[in-house]
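Welcome! Below are some short exercises, each followed by a worked solution. Have a try at each task before you read on.

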Amino acid sequence: MEIKLSNLKRNYGGLHAVDGVSLDIPSNVIYGIIGKSGAGKSTLVRLVSMLESPDSGEVYYDGKRVDNLSKKELILARRRIGMIFQTFNLFSSRNVAANIAYPMEICGKGKAEIGRRVDELLSLVGLEGRGDAPISTLSGGQKQRVAIARALATEPDILFCDEATSALDPQTTRAILQLIKDIQKKMNLTVVMITHQMEVVRDACDYVAVLDKGRIVEQGPVADIFARPKSAVTKDFLSSVTTVRDSVIRWSQDGGHYTLRFRGSKTDAPILSDVTLTTGAVFNIRAAGVQKVNGEEMGVMVCDIGPDFETARRAIESLVDRGVIVEEEERNE
């Protein structure tokens, strides 16, 4: 299902939580919306998922406006939506199967149909044979799998994931993200993933929009955003990935005036050696590594270039000519 947002606004007193957001979210993709704490992510997902009405602006699902529906129409429209959260929101008084069954019970489905669907969903999320298990006996990753199964119980067209992996350890996070990717392909879902973790965007999303102070500051295919970030907020998110993830390692906290980004086949080319030979430049590498972003290799290097300004200028020109993206940190005069 395609989602279109047109100039959405939502204020709480003097706080502009969502301030004129317009987005086109294609059908059958995983679309990430990333922002820091207080950027307006949770408010935006509540508006898009019809849990809250905007002060102004419009929300469309497959060309039909849904932000102004009647109460009866709203109930029916919400059945086309699944949602999962950071805190799982499971019923501790119900076992695994009963938690998954709950949305179908609300919709008035028969017991036999519910039983079949619960079995299908347990298999889908890798919890075969755990239907009778109390929620208290499950790990965090297993609880999120139950939450995913419950969100899919009514066969929705859209799945919203609001910080769905924030409470999980890195290994479990990767497993849950892979599960969501597999489910999205099998069910042809449109998945909207709200997060503050750039690793989640990198590992799961096809497209991303960067939210800051209630506004979209950058959007596009994930690989393009990683290769050529434009906003300061996006660059800050990417710097956090390149300093903490296992694939890109920083071994010197000092220096690093330039960030070089290599895309695709350029990650394997001896570009720095060629530039050194042709310009005489000296590279002092502070951090480097390669990440896979939406199936494409992305190389990142943080370095200083010397021995002097003129040589560095020629080296940068040579790097750009070879297809390397060069970002220069602003100097404090």
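A cavity is a set of grid points where a 1.4 Å probe fits but cannot get out, and its lining residues have an atom within 4 Å of a point. Keep in mind that this is a predicted model.

**Exercise 1. Find the residues that line the largest cavity, and sort them by class.**

Solution.
- Step 1: Start with the search of the whole structure, which finds two cavities of 30 Å³ or more.
- Step 2: Take the largest cavity, which holds about 40 Å³ of space.
- Step 3: List its lining: Glu 163, Ala 164, Thr 165, Leu 177, Met 193, Ile 194, Thr 195, Gln 197 and Val 200.
- Step 4: Look for the main contributor. Strand β8, residues 190-195, gives the most, with three residues.
- Step 5: Sort the lining by class, which yields five nonpolar, three polar and one charged.

**Exercise 2. Describe the second largest cavity: what is its volume, and which residues line it?**

Solution.
- Step 1: The volume of this second cavity is about 30 Å³.
- Step 2: Around it you will find Phe 226, Arg 261, Phe 262, Met 298, Gly 299 and Val 300.
- Step 3: Two elements give two or more residues to this lining, namely β12 (258-263) and β14 (296-306).
- Step 4: The largest share, three residues, belongs to β14.
- Step 5: By class, the lining of the second largest cavity splits into four nonpolar, one polar and one charged.

**Exercise 3. Now turn to the largest pocket: which elements supply at least two residues of its lining, and which gives the most?**

Solution.
- Step 1: The largest pocket contains about 620 Å³ of space.
- Step 2: Its lining has 18 residues, and the closest to the pocket centre are Arg 78, Ile 81, Gly 82, Met 83 and Pro 103.
- Step 3: At least two lining residues each come from α2 (71-78), β6 (81-85), α3 (96-106) and α5 (140-151).
- Step 4: The top contributor is β6, with four residues.
- Step 5: The class count for this lining is eleven nonpolar, four polar and three charged.

**Exercise 4. Two of the elements from the pocket lining, α3 and α5, also pack against each other. What is their angle, and how should their arrangement be described?**

Solution.
- Step 1: Read the geometry: α3 and α5 pack at about 30°, and their axes are 8 Å apart.
- Step 2: Apply the cut-off, by which angles under 35 degrees count as roughly parallel. The two helices α3 and α5 are therefore roughly parallel to each other.
- Step 3: Note the handedness, as α3 and α5 cross in a right-handed way.
- Step 4: Find the contact. On α3 it involves Val 96, Asn 99, Ile 100 and Pro 103, and on α5 Val 146, Ala 149 and Arg 150.
- Step 5: These contact residues comprise five nonpolar, one polar and one charged.

**Exercise 5. Helix α3 also packs with α4 (residues 111-124). Work out how these two helices are arranged and which residues meet.**

Solution.
- Step 1: The packing angle of α3 and α4 is about 125°, with the axes 10 Å apart.
- Step 2: That angle makes α3 oblique to α4.
- Step 3: The crossing of α3 past α4 is right-handed.
- Step 4: From α3, the residues Val 96, Ala 97, Ile 100, Ala 101, Met 104 and Glu 105 meet Ile 114, Arg 117, Val 118, Leu 121 and Leu 122 of α4.
- Step 5: Their classes are nine nonpolar, no polar and two charged.

**Exercise 6. Move further along the chain, to α10 and α11. Are they parallel or oblique to each other?**

Solution.
- Step 1: Helix α10 (residues 271-279) packs with helix α11 (residues 309-321) at an angle of about 135°, and the axes are 10 Å apart.
- Step 2: The pair α10 and α11 is therefore oblique.
- Step 3: The contact brings together Ile 271, Leu 272, Val 275, Thr 278 and Thr 279 of α10 with Thr 311, Arg 314, Ala 315, Ser 318 and Leu 319 of α11.
- Step 4: Among these contact residues, five are nonpolar, four polar and one charged.

**Exercise 7. Which peptide bond, ending at Pro 307, is cis, and where is that proline placed?**

Solution.
- Step 1: The bond runs from Gly 306 to Pro 307, with omega near 10°.
- Step 2: Pro 307 sits in the loop between β14 and α11.

Definitions and conventions: Residues are numbered from 1 along each chain as its sequence is written. This is a predicted model: local features need pLDDT of at least 70, side-chain atom pairs count only at pLDDT 80 or more; totals for chains, interfaces and linings use all residues. Side-chain values use heavy atoms; hydrogens and water are left out. Axes are lines fitted to C-alpha atoms, for helices over the stretch in contact, and angles run from 0 to 180 degrees between N-to-C directions. Angles under 35 degrees count as roughly parallel, over 145 as roughly antiparallel, 65 to 115 as roughly perpendicular and the rest as oblique. Contact means heavy atoms within 4.5 Å. Ala, Val, Leu, Ile, Met, Phe, Trp, Tyr, Cys and Pro count as nonpolar, Asp, Glu, Lys and Arg as charged, and the others, Gly among them, as polar. On a 1 Å grid over the protein atoms alone, a cavity is a set of points where a 1.4 Å probe fits but cannot get out, and a pocket is an open set with protein on both sides within 12 Å along at least five of seven lines; lining residues have an atom within 4 Å of a point. Grid points are joined across faces, edges and corners, and a volume is the space filled by probe spheres set on the points. A crossing is left-handed if the near helix is turned anticlockwise from the far one by less than a right angle, and right-handed if clockwise.
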